[in-house]
Amino acid sequence: MQFQDYYSLLGVSRTASEADIKKAYREKARKLHPDVNKAADAEEKFKAVNEAYQVLSDADKRSRYDQFGNDWEHYQANNAGGQNAGDFSQWFTQQSGAPGGTHFEYRTSGGEGFSDFFETLFGGGRQRRRARNPRRGDDHEYTVEVPLKEAFAGTTRTFEIQIPGTCPECNGTGVNHGATCLICNGTGVTPRRSRIEVTIPAGIREGQRVRVAGKGAPGSDGGRAGDVYLRVKIVADAQFALDGNDVRTTVDVPLYAAILGGEAIVPTLTGKVALSIPAQSGNGKSFRLRGQGWPTSIGSTERGDLLAKIQVVLPTNLSDEELELFEQLSDLRTPKKSPPVA
């Protein structure tokens, strides 16, 4: 067990202020962090700097360290006979004088990342934690826009989302080697980006959510991660409109077909179908196509109806002959005036 000069490790004087110690620690830690410094001894030096900061940034520990350090040479001389570290607590108490003097107690806890010197002086670096119940991580919700036709047929989406993750440097504790973790600034979490592919099921409705299990915030104390929910917003379609389980659309019908009867091709969500138009069908009349609407529920084969409203299209670029025929039709439809009574 060797004496650790914490002031020298941080490069500060014994009269350094708390602010000076913190500043020196941050500079040292940044240079020595294993993610930045690839030297073989960088990790050990990084641990030593963290150990020094834990002691010197704590007023009580610093005071005990200063008192202990002043007598260290005396301890080394008295320990030449091969006494173990445990003898020092008794020696130090005796050196302090009669009853009422300083009493120093310690215990070895086998803490990781701390020197034997620290273990002897402060009783180990591991903080004992009271067992806590596992806590599930928080859920996160995002809005995803889906075109109407894709919502009907089902689709997939790939997202890159940012969610808080457990800081790997301090394992989510916020404390790294006994000091505030620089990576997460003591919060225990670091933002991370995650790419996820999500299946949007066929027949989903506006406002419904798709759950992605385990992609939310991490849990604590062994709790499972939260979930991500994608709330669907259906993008309006130029051709179709959703009305409950029914779908509405408009179909162009030539004037002649509307008057004389005929056939119109109607678009549906699964393809085109032929619709028989009865003679003398008025503009704006709706026709119901059974089973051509929206699924009544996700995964259901039962569907609503398609409501097709006809829109009569007037002919353009008429020839002279056509105009003459329309004039004849107009004459037939115009009531004849009775001759004046004499």
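In strand β7, the bridge partner of Val 210 is Leu 230. I open with that pair, in what is a predicted model, and shall build outwards from it.

Val 210 belongs to strand β6, residues 209–212. The neighbouring residue Arg 211 has its own bridge partner in β7, namely Tyr 229. Taken together, β6 and β7, the latter covering residues 228–235, are joined by 4 bridges in the antiparallel sense.

Which residues of β6 lie on its covered face, and which on its uncovered one? Val 210 and Val 212 form the covered face, whereas Arg 209 and Arg 211 form the uncovered one. The general background is that side chains in a regular strand alternate between the two faces of the sheet.

Let me now place these strands in their sheet. It is an open sheet of 3 strands, ordered β1-β7-β6, with mixed pairing. The edges are occupied by β1, residues 140–147, and by β6; each has a single partner strand, so one side of each is left without a neighbour in the sheet. On average, neighbouring strands here are turned by 30° against each other, direction ignored.

I turn to the other sheet on my list. This open sheet contains 4 strands in the order β8-β9-β13-β12, and its pairing is also mixed. Its edge strands are β8, at 241–243, and β12, at 286–289, each of which pairs on one side only. The twist from one strand to the next averages 35°.

Within this sheet, β9, residues 246–254, and β13, residues 306–313, run parallel and are joined by 8 bridges. One of the pairings links Pro 254 to its bridge partner Val 313 in β13.

Next, the helices. Helix α3 spans residues 42–56. Does its length fit expectation or depart from it? At 1.5 Å a residue, its 15 residues should span 21 Å, and the end C-alpha atoms are 21 Å apart, so the two agree. As for cover, 12 of the 15 residues of α3 are buried. Among them are Phe 46, Val 49, Tyr 53 and Leu 56, but also the residues Lys 47, Asn 50, Glu 51 and Gln 54.

Finally, I come to helix α9, residues 255–260, in which Leu 260 is found. Is Leu 260 buried or exposed? Leu 260 counts as exposed, because its relative accessibility is 66%, and the cut-off for that class is over 50%. Leu 260 also takes part in a nonpolar surface patch of about 320 Å², together with Tyr 256 and Ile 259.

Methods: Residues numbered from 1 in each chain as written. Predicted model: local features only at pLDDT ≥ 70, side-chain atom pairs only at ≥ 80, totals over all residues. Heavy atoms only, no water. Buried < 20%, exposed > 50% of the residue type's maximum accessible area, 1.4 Å probe, protein only. Helix = DSSP H or I, 4+ residues; strand = E, 2+ residues; numbered from the N terminus. Pairing = 2+ DSSP bridges. Patch = residues over 30% accessible without salt bridge, like charges linked within 9 Å, V, L, I, M, F, W, Y side chains within 5 Å. Areas by Shrake-Rupley, 256 points an atom, 1.4 Å probe, with all protein chains shown as cover. Salt bridge = Lys/Arg side-chain N within 4 Å of Asp/Glu carboxyl O. Expected span 1.5 Å × (residues − 1). Axes fitted to C-alpha atoms, helices over the stretch in contact; angles between N-to-C directions.
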